Amino acid sequence: MAAATLAVLAAAGTAGVAWAKDAESQRQATAFRAVLDCRGLADNTARLACFDAATAKMGEAETRGDIVVIDRAQASAAHREAFGLHVPSLGFVVRALKPEEVDSLDGVVRAARADINGHWTLILEDGARWRQISGDLMRAPRAGSKVRIHKGSLGSFLMNVDGQTTIKVHRDE
């Protein structure tokens with residue numbers, strides 16, 4: 001019985017590894033995956049021919065716009081621009097970023113104005129517009145104020161303005 005159980009667990013583990021590799025392959029563009037697959041060829045001539053063909057196809061796919069290649073700096077800029085907006089289709093951008101880069105953002109206030117209820121709308125230098133939902137500020141934000149925004153619970157966002165107590169905010173634009 002124990003041997004049969006071990007055999008089933010081993011088979012499940014092997015299937016799990018195969019499934020993980022399939023999931024990884026599906027996450028990558030076909031043209032890129034073809035280049036990576038060339039690494040597995042033992043024969044030098046075959047491997048070089050594979051790389052030549054696959055990189056040519058990858059270059060053509062990039063030229064046509066079928067694949068998009070971005071570096072870490074571009075991923076960081078795209079994430080920063082979309083931070084606070086609900087854009088689940090851009091989730092792939094954060095794969096290259098560290099958790100602290102994904103969960104928080106530092107910025108500088110370009111303009112600030114209070115509504116009739118005393119809640120602030122802050123426009124950051126990058127154009128992002130954040131609206132205060134709750135909390136109190138002891139000092140009014142102004143152009144040049146430093147802010148740190150980080151993810152809260154349940155999809156909320158929290159902001160510190162010039163080191164003051166955290167306020168709850170929402171990204172409007």
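This section describes the fold of a predicted protein model, one helix contact and several loop residues.

The protein contains five helices and six strands. Along the sequence these elements follow the order α-α-α-α-α-β-β-β-β-β-β, with the helices preceding the strands. The chain has 173 residues, of which 25% are buried. Among contacts between residues at least 6 apart in sequence, 45% link residues at least 24 apart. The accessible surface amounts to about 11500 Å², and carbon and sulfur atoms account for 58% of that area.

In the helical part, α2 spans residues 30-37 and α3 spans residues 44-64. The axes of α2 and α3 come within 9 Å and cross at roughly 165°. Because angles over 145 degrees count as roughly antiparallel, α2 is roughly antiparallel to α3. The crossing of α2 with α3 is left-handed. On the α2 side, the contact is made by A31, F32, A34 and V35; on the α3 side, the residues are C50, F51, A54, T55, M58 and A61. Nine of the contact residues are nonpolar and one is polar, while no charged residue takes part. T55 is the polar member, since the nonpolar class covers Ala, Val, Met, Phe and Cys.

A34 of helix α2 illustrates this contact at the level of a single residue. Leaving aside residues up to four places away in sequence, A34 touches C50 and A54, both of which belong to the α3 side of the contact. The C-alpha atoms of A34 and A53 are separated by 9.2 Å, with their positions 19 residues apart along the chain counted as sequence separation. A34 has a relative accessibility of 32% and therefore counts as partly exposed, given that the partly exposed class lies between the 20% limit for buried and the 50% limit for exposed residues.

In the strand part, H119 is located in the loop between β1 (104-114) and β2 (120-124). Its relative accessible area is 26%, so H119 is partly exposed. When residues up to four places away in sequence are excluded, H119 touches R113, A114, Q132 and I133. Two of these partners, R113 and A114, fall within the residue range of β1. H119 and R131 are 12 residues apart in sequence, and their C-alpha atoms lie 7.5 Å apart in space.

Two further loop residues were examined for backbone conformation. Most residues other than glycine have a negative phi. L154 departs from this pattern, with a positive phi near 55°. The residue L154 is found in the loop between β4 (146-151) and β5 (157-161). With a relative accessibility of 89%, L154 lies over the 50% cut-off and therefore counts as exposed.

D162 likewise has a positive phi, near 50°, in a residue other than glycine. This residue sits in the loop between β5 and β6 (167-171). The relative accessibility of D162 is 30%, so D162 counts as partly exposed. Strand β5 thus adjoins both loops that hold these residues: L154 is in the loop between β4 and β5, and D162 is in the loop between β5 and β6.

Definitions and conventions
Residues are numbered from 1 along each chain as its sequence is written. This is a predicted model: local features need pLDDT of at least 70, side-chain atom pairs count only at pLDDT 80 or more; totals for chains, interfaces and linings use all residues. Side-chain values use heavy atoms; hydrogens and water are left out. Helices (H or I, at least four residues) and strands (E, at least two) are DSSP runs, numbered from the N terminus. Buried means under 20% relative accessible area, exposed over 50%, partly exposed in between (1.4 Å probe, protein chains only). Contact means heavy atoms within 4.5 Å. Accessible areas come from the Shrake-Rupley method with a 1.4 Å probe; for residues, only the protein chains shown count as cover. Axes are lines fitted to C-alpha atoms, for helices over the stretch in contact, and angles run from 0 to 180 degrees between N-to-C directions. Angles under 35 degrees count as roughly parallel, over 145 as roughly antiparallel, 65 to 115 as roughly perpendicular and the rest as oblique. A crossing is left-handed if the near helix is turned anticlockwise from the far one by less than a right angle, and right-handed if clockwise.
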